[in-house]
Amino acid sequence: MVPRISAGGAAAGSGCRCELSTLSASPRASKSPQAAAAAAAAAAAASPRSLPAAAASSASIMAPHYQATTLIASPSYPNAITWSSENLVAVASGHIVTILNPAALDGPRGLVVLVPSNPFPIGAVNREDLFEPCLVPTCLSRDTEPCARSVSWSQQGFAPNSGCLLAVCSGDGRVNLYRPPIFEFGDNWVKVADISQLLFNYYQIINFREDDGPISFPQEAANNEQAPQEKLNSEHGQDTGYAGELQEPLSCKVLGRRKRKPTRVESYVYDEDEDGVGASKDADFSPNPCSRLSKGFMKKIVKPVDEMAVVIGEGGLQNTKEALSCNGENKLVPLITAKQYACRNAHLFSLVVAWSPVSPSHDTTSHWCILAVGSKSGDVSFWKIHKPEYYTIDVGTVNRDPIFVGVLQAHNSWVCTMSWEVTCASSSKSSLLLATGCLDGSVKIWSGDMKGLNQCTDVKEVPFSLLAEVTTNSSAPVSSISLSAPAQPQDEVNLAIGRVSGSLETWKLDLCNNKIENSSACHAHDRVVTGLSWGFDGHSLYSCSQDNSARCWILEKNQLEEVPVYTNFPELKESTDLSVVSDRCFGLTLAPGELIIAVVRSLDPNMLDPMYQARTQKAVVEFIWIGGQFLGIALHKNIHISSQQSVMLSETNFLWWGSNILWSLKKYEKGETGLVLWDVIATLQVLKKSSPIFLETLLHNWVSDLFSDDQQRVSLDILYQSRNDMMSKVSSRKLHLLNIICRKVMLSDNAQYSPGGENSTSVSTDLWNNLLVSSERELRERLVAFTFAAVLNRLSYFQKGTCAENMWFPVGVAQMYSWLSMNNGKVHNQLKSLCSTIKGLQSRIASVCEYSVEESCTYCSASVHFESPDVALCGSGDPVTSPAERHKLSRCMASMRLSSVLQPVWYCVCCEGMVDKLVPGTFFTMTTSPLQVNHDDELLYSAPVVPLCPFCGILLQRLMPEFLLSVSPV
């Protein structure tokens, strides 16, 4: 019996590693005695699917979740996996990119299917030039189907639904951007931009830098994807034609064998050999337009992905600019040298993509990020992408076209890997750093000029400058790099370099003097390092290799110390090692909460059944829970371990779990990243089942720290007694975190829970229930105050005669006024005063906001009276209407108006509320209540609206069918 990988469970709230089942052994299976013993142990831990029905129920209780899932294709290149900031995992697996939801590994998936693309018309070469050394890599290319070479996620907010864009670099050197199919309701992600085509337009206009003189390039031409070929030829005097890589480089002319015709370019017309074998030319391009007779004898030739246009003729250079006739259109193919062709092909052949973090700008109305694309020529091209002008989940096109920034000559050889980081040095402003690794072993760190990137109107000078260069004796190619900017000290940046030789290096960059020093180096792996990622603020480093190992390193006193990577989770005592059935690692990535790493491995076909497994199971993505071990951060001093804790974990493991969880929650309190804490919530849910006493102690400490300041620590008793007053002093982000913990962890088993509902018999549940009710009431008051203040701000603009077109337009003011009237004795006095001011506007209020008291049912047109901010019943004011005929309607959580039933509305997966009126992003970043800030601040109400839940702070989404992929931020 041999182990078989099966997909992990999709149930919420637990996690370990891999679920194994058993099948008949393959005839080809052969392993060492150690591997055979491990396989036997794996067979003993068979999954419930392979057990008898009587034992399946008891085994399912201990079955691990969130452990592993299989793929139908295996990766081919390093760094093949990446985790998005909205909790999606993308894996470059063969000719497809597989997109997974870690919370539902057995659920639906997204796909990016790579298809062959037409080669760019960069020129043609003479047949005798095919023997030139520079064309050997081109001529030997045999890829008939492109595979995914590099993948990278953008940050949240750049897709039309405020999700992430996915950049994919294929094996044929093409780069495209994809968005989720929110309008199409399908599995295939939608292409929104062809970066390679835009780059070709740029190089075509500057003639691939082969002309003398300064390079100048208009922005509008760079971003014109459909620029006419004839216009480009007339403006720049350059004749172009199809070019690519040769599949059949030479024709055979041997007696007794049929002569092989040269490879031909698709849809071009050739002079057919009318004299048979005695023809004097094989594939001379016809200079004349096609006649109807010749069209009748033409046969369309299907070309491979890359195919070189070859010119053959007795006249040599006389064929330099002979015309090609293509479906009645004349095109010109320039005859170029082999060196020219190799250089042009290297400029356009992309190898790696990397998205930068969002620009560290204080301007809330302009957010952008940079996409870096590395090529074979050593160039790195930069593309600037802005966030959409507005977000939508309805059918529409709101994509922002990529803006060409420029091309940087970073290296003299292939750019193999790149990594971004944002620094906030104490001696200077925030800066954007890019590290690039090359095939020749060189590594450089570049600094982006934020002012130049913000303007980005001229590409004569690329706004990136060399900051530091790594000097080392090693010439081994760089396979993976990772940058990290620790919080302390702020003037240092950590750089990790993995090489093909298996060596691992760490460097420290001093931003004050731009000096870089080697901090440690070791031979970490036996083969190529295929993945690197810093974690926990640069304290820990994760690496994986083609030797099928994944390791964790702690940087202590400039030395790398290895820490075993294993899952020590309360749900299982031990787990099976996936190295038994896999042979190579192709990358790793860290979860947003940094409590899980995902590793992609290719499966060993000798360990799989050739009939039933080897055909469909090529690779596996393994999720390893790492929170219960030392990861470089200090232990939290207020965690106390009781003797009544679970026996499945030691006291040390509890301490590390608690410290790492608190560190992750503290990171989200800062508000610098989106609230995507699925791994944290899943960990807490498991601890609630296995160690409830420890969880209570842990979260009591967290809540006390949440409302404490630097001078005094707030006890839980004081917080409970004065919770309403204390909640008005904390940031909205902290209240959102409290709501999520209450709903998804502490009150997740209380099915009867609703804010303001019946009190639970449990003292602990009553505590968290009251905290949630108080927190939601505070957030609702802040939302009402923010809306009323926006009304007064717009009114002041109209009175001054100033245009308020860019100001947020408030809606639902009448419903909010009704809610205040119902709860007049429970709200803050400042809000009562603000409500009186709104009431005094009388008829003027309709000119600055939407003010409609009357509402009607969408189904029966009956009147709807305001009774609750969450739901409504039609006909509530008409005693004639019977209760059976009344329709239950939902209200928008942001405006309290009735939600639309005809158009799609935003949905929150945490509180399950609906939103059809979005709120400006400044509402979610406020450090205190709007009642305590200046209402005349224009930036508060002119910021773009964002699809975030006003009560949970997580990303809203469209409610998708169960058979389609969706995100799970919590």
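This report walks through the fold, the nonpolar cores, one helix pair and three salt bridges of the chain above.

**Overall picture**

Please keep in mind that the model is predicted. The chain has 970 residues, and 57% of them count as buried. Its secondary structure comes to 19 helices and 43 strands. Among contacts with a separation of 6 or more, 65% join residues that stand 24 or more positions apart. On the outside, the chain exposes about 41,300 Å², and carbon and sulfur atoms supply 49% of that area.

**The nonpolar cores**

In soluble globular proteins, nonpolar side chains tend to be buried together. Here, the largest nonpolar core has 127 residues. The residues with the most contacts inside this core are Leu677, Leu684, Trp702 and Trp768. Helix α16 gives the most to the core, with 10 residues.

Leu684 is a good place to begin a tour of this region. Leaving aside residues up to four places away in sequence, Leu684 touches Ile661, Leu695, Leu698, Leu699, Ile741 and Val745. Apart from the largest core lies another one, made of 35 residues, including Ile122, Ala193, Tyr203 and Ala342.

**A pair of helices**

Two packed helices are described by the angle between their axes and the distance between the axes. Helix α10 (residues 651-669) packs with helix α15 (residues 732-746) at an angle of about 135°, and their axes are 9 Å apart. The two helices α10 and α15 are therefore oblique to each other. At the meeting point, α10 brings Leu665, Tyr668 and Glu669, while α15 brings Arg733, Lys734, Leu737 and Ile741. Ile741 will be familiar by now, as one of the residues that Leu684 touches.

**Salt bridges**

How many salt bridges does the structure hold? There are 14 salt bridges, and three of them are set out here.

| Acidic residue | Basic residue | Closest N and O atoms |
|---|---|---|
| Asp194 | Arg174 | 3.4 Å |
| Glu622 | Arg601 | 3.0 Å |
| Asp870 | Arg780 | 3.4 Å |

Let us take them in order along the chain. Asp194 forms a salt bridge with Arg174. Asp194 sits in strand β12 (residues 190-194) and Arg174 in the loop between β10 (166-170) and β11 (175-179), so this pair ties together parts that are 20 residues apart in sequence. Asp194 counts as buried, at 8% relative accessibility, and Arg174 is also buried, at 11%.

Next comes the salt bridge between Glu622 and Arg601. This pair links distant parts of the chain, with Glu622 in strand β34 (residues 619-625) and Arg601 in strand β33 (residues 596-603), 21 residues apart. Glu622 is buried, with a relative accessible area of 0%, and Arg601 counts as buried at 4% relative accessibility.

The last pair is Asp870 with Arg780. Asp870 lies in the loop between β36 (863-864) and β37 (871-873) and Arg780 in helix α16 (residues 763-799), so the salt bridge ties together parts that are 90 residues apart in sequence. Is Asp870 buried or partly exposed? Asp870 is partly exposed, because its relative accessible area is 41% and the partly exposed class runs between 20% and 50%. Arg780, at 9% relative accessibility, counts as buried. Helix α16 thus appears twice in this report, as the home of Arg780 and as the element that gives the most to the largest nonpolar core.

Notes:
Residues numbered from 1 in each chain as written. Predicted model: local features only at pLDDT ≥ 70, side-chain atom pairs only at ≥ 80, totals over all residues. Heavy atoms only, no water. Salt bridge = Lys/Arg side-chain N within 4 Å of Asp/Glu carboxyl O. Helix = DSSP H or I, 4+ residues; strand = E, 2+ residues; numbered from the N terminus. Buried < 20%, exposed > 50% of the residue type's maximum accessible area, 1.4 Å probe, protein only. Contact = heavy atoms within 4.5 Å. Areas by Shrake-Rupley, 256 points an atom, 1.4 Å probe, with all protein chains shown as cover. Core = buried A, V, L, I, M, F, W, Y, C linked by side-chain atoms within 4.5 Å. Axes fitted to C-alpha atoms, helices over the stretch in contact; angles between N-to-C directions. Parallel < 35°, antiparallel > 145°, perpendicular 65-115°, else oblique.
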